[in-house]
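Visitor: Could you walk me through this one and tell me where the labels come from? I like to see a cut-off next to each verdict.

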Amino acid sequence: PVLDTEDAWVSVEGPVSIVELALEQKRIHYPLVEHQFVLCTILYAIMRFSLKSVKPLSLFDSKGKNAFFKDLTSIQLLPSGDLDPNVLSIRQQFLVKVVSAAVQTLCSAQKAKEVSEEELFPFEKGKNWPTLAVDLALYLQISEDVVKRHHVCELYSYGMDHLGEE
């Protein structure tokens with residue numbers, strides 16, 4: 001971008017302005033940032049629901065694992081559309097665990113104390129975990145329908161029929 005400056009500011013001496021410093025920075029590789037975001041979301045879900053026996057890096061192939069340790073400005077080879085069926089199976093199992101844990105947490109708390117989702121997850125207002133799992137399914141190349149169907153089955157199994165119908 002072209003930055004127009006007034007003549008009075010041209011002769012000023014001192015430290016470089018923050019705008020000039022920002023313009024000198026290398027551009028980030030956005031797909032790599034998205035890749036990092038997916039990992040952060042997975043780690044947060046594991047922490048939030050205390051999911052046991054989940055190895056976060058097992059959800060990624062070798063290219064995906066290598067991309068985590070590169071500079072965000074570098075253009076890396078990210079996973080392609082062809083994935084090992086074992087990795088896809090592990091991803092699907094993980095998303096199913098997240099949905100199950102979210103529904104279980106919500107239903108057990110509602111039955112015990114009759115609290116709302118906002119009260120149960122006070123720092124996560126507006127965060128619908130099953131919807132987040134569906135969004136993650138897009139990034140992880142898993143069918144969204146599998147996650148949605150599992151969510152409905154979980155709602156019915158916990159007696160939340162009115163939510164399952166929706």
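Visitor: Why are α7 and α8 called roughly antiparallel to each other?

Guide: In this predicted model, helix α7 (residues 129-139) and helix α8 (residues 144-157) pack at an angle of about 160°. Angles under 35 degrees count as roughly parallel, over 145 as roughly antiparallel, 65 to 115 as roughly perpendicular and the rest as oblique, so α7 and α8 come out as roughly antiparallel. The angle runs from 0 to 180 degrees between N-to-C directions, with axes fitted to C-alpha atoms over the stretch in contact.

Visitor: What else describes how α7 and α8 pack?

Guide: Their axes are 8 Å apart, and α7 passes α8 in a right-handed crossing. Right-handed means the near helix is turned clockwise from the far one by less than a right angle, left-handed anticlockwise.

Visitor: What is odd about Gln 141, in the loop between α7 and α8?

Guide: Gln 141 has a positive phi of about 60° and is not a glycine. Most residues other than glycine have a negative phi. Ser 50, in the loop between α3 (30-49) and α4 (62-67), also has a positive phi, about 50°.

Visitor: How do you know whether Gln 141 is buried or exposed?

Guide: Buried means under 20% relative accessible area, exposed over 50%, and partly exposed in between (1.4 Å probe, protein chains only). Gln 141 has 37%, so it counts as partly exposed. Ser 50, at 46%, therefore counts as partly exposed too. Lys 63, in helix α4, gets that label at 37%.

Visitor: What makes Leu 3 part of a nonpolar surface patch?

Guide: Patch residues need over 30% relative accessible area and no salt bridge, and nonpolar side chains (Val, Leu, Ile, Met, Phe, Trp, Tyr) are joined within 5 Å. A salt bridge is a Lys or Arg side-chain nitrogen within 4 Å of an Asp or Glu carboxyl oxygen. Leu 3, in the segment before α1 (7-10), has 45% relative accessibility, so it counts as partly exposed. Leu 3, Ile 18, Val 19 and Leu 23 make a patch of about 380 Å².

Visitor: How many helices and strands does the protein chain have?

Guide: Nine helices and zero strands, where helices are DSSP runs of H or I with at least four residues, and strands runs of E with at least two. Buried residues make up 30% of the 166 residues.

Visitor: And the fine print?

Guide: Residues are numbered from 1 along each chain, and side-chain values use heavy atoms, without hydrogens or water. Local features need pLDDT of at least 70 and side-chain atom pairs 80 or more, while totals for chains, interfaces and linings use all residues.

Technical notes. Patch = residues over 30% accessible without salt bridge, like charges linked within 9 Å, V, L, I, M, F, W, Y side chains within 5 Å. Areas by Shrake-Rupley, 256 points an atom, 1.4 Å probe, with all protein chains shown as cover.
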